[in-house]
Amino acid sequence: MEKKRRGRYDQGTGEGTAEAAAALGVRVVRDADGATLSSYRGGGRIARMYVPDTPQLFAALYAAAVGSGEQPFLLGGGSNTLIDDGTVNRPVIWTRGMRKVRAEDDGRVYAECGATLREVSAVAARKTMGGLEFLAGVPATVGGALAMNAGAFGTEIADYVSEICVLNPVSGEMRWIDRDDVSFGHRMGVRGAVAAARFVLPCVTATESAERRAYFLSERRRRQPAAPSLGSVFTGEAGAAGIYADAAGLKGVRAGGAEISPVHANFIVNLGGGTASEFRFLARLVRDTVRDFYGVNLTAEVALLSDGGTLLGD
Ligand SMILES: Cc1cc2nc3c(=O)[nH]c(=O)nc-3n(C[C@H](O)[C@H](O)[C@H](O)COP(=O)(O)OP(=O)(O)OC[C@H]3O[C@@H](n4cnc5c(N)ncnc54)[C@H](O)[C@@H]3O)c2cc1C
């Protein structure tokens with residue numbers, strides 16, 4: 001009988017990562033449902049998703065995968081990641097197995113990369129610390145937020161991180177670096193894999209924190225759509241992408257189950273059954289229309305998890 005061919009992605013077959021995970025005893029989820037892993041709630045399936053439960057295992061798996069010529073995709077909360085339609089064969093390391101958070105004796109908060117910002121805030125609150133309320137409602141993990149330098153209302157996660165534990169992709173060594181050694185910029189954060197971080201958070205009373213949280217959440221509800229999305233599709237660097245898309249009359253344009261949100265034109269929402277290719281079609285439409293009408297080049301903020309290519313197909 002003919003042996004079943006394994007799917008390929010543009011860096012190989014994923015066998016190197018699979019062998020390393022088996023040797024290390026890392027849990028693997030086969031045929032994972034991308035719609036449950038991305039906040040767009042659409043997209044395809046992931047052939048093999050690895051779930052290390054400690055930073056040490058993450059480091060060893062990551063280095064072994066890179067050493068075998070493969071490039072695993074690091075998936076956190078999936079709130080900025082579009083998962084391609086069909087089956088993605090690129091190996092995926094899902095960081096949600098690593099979610100320890102603790103307040104340390106020196107007053108800082110340690111968090112593993114897969115902890116959500118909500119989980120970090122909950123531990124901080126027990127020690128009357130706060131500060132991350134500006135990201136309330138953003139379903140990010142520590143690793144994803146530091147990779148993207150998540151920010152809102154004029155504040156960024158970079159303002160609160162003091163040290164970041166990064167992985168050496170060759171040796172698998174974990175190394176703490178100072179936040180000042182990272183060139184943070186607009187939606188530009190840590191390059192490479194983040195295993196954990198330490199935060200310095202201000203003292204706030206529970207009442208102050210709850211008030212700030214409620215304020216930022218209500219502002220979000222007022223300005224952003226409630227339907228499943230990946231947040232802003234384009235970065236704000238070129239000006240307000242949503243304003244250009246709105247002025248070009250793109251609000252409410254649909255492709256299948258995906259729609260350029262009538263609430264905020266820099267959001268593409270899933271009205272039900274929206275696919276990755278519909279999302280990408282609308283993203284390209286916005287990019288091309290804004291370029292042709294206004295001469296403004298937009299940069300995609302959303303990451304694409306696929307076997308090759310980019311979100312906008314260039
Ligand atoms: C409703 C909604 C509102 C949003 N509002 C905002 C907002 O106000 N401001 C904002 O900045 N963003 C916003 N976003 C986008 C998103 O939440 C952020 O970009 C967030 O930081 C992504 O975190 P994540 O864990 O979900 O990352 P993922 O989507 O899992 O990954 C995003 C990128 O980070 C990389 N990554 C993930 N984990 C690691 C790791 N451990 N080490 C290195 N790289 C890693 C991935 O490979 C990918 O390239 C919003 C999204 C939604 C759905």
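This passage walks through the ligand shell, the nonpolar core and one tyrosine of the structure shown above. The model is predicted, so local features need pLDDT of at least 70 and side-chain atom pairs count only at pLDDT 80 or more, while totals for chains, interfaces and linings use all residues. Residues are numbered from 1 along each chain as its sequence is written.

A good place to start is the ligand. There are 30 residues around the ligand, and Gly76, Gly77, Gly143, Gly144 and Gly231 come nearest; a residue is near a molecule if its C-beta atom, placed from the backbone, lies within 6 Å of it. Two or more residues of this shell come from each of strand S3 (73–75), helix H4 (142–148) and strand S9 (151–152), and H4 gives the most, with 5 residues. Helices (H or I, at least four residues) and strands (E, at least two) are DSSP runs, numbered from the N terminus.

Next comes the core. The largest nonpolar core has 89 residues, of which Leu61, Leu82, Leu146 and Val194 touch the most other members. Such a core is a set of buried Ala, Val, Leu, Ile, Met, Phe, Trp, Tyr and Cys residues joined through C-beta atoms within 7 Å. Helix H2 (residues 55–67) gives the most to this core, with 8 residues.

Tyrosine 110, finally, lies in strand S8 (residues 109–112). Because it has 19 C-beta neighbours inside 10 Å, tyrosine 110 counts as partly exposed; a residue is buried with 20 or more other C-beta atoms within 10 Å of its own, exposed with 12 or fewer, and partly exposed in between.
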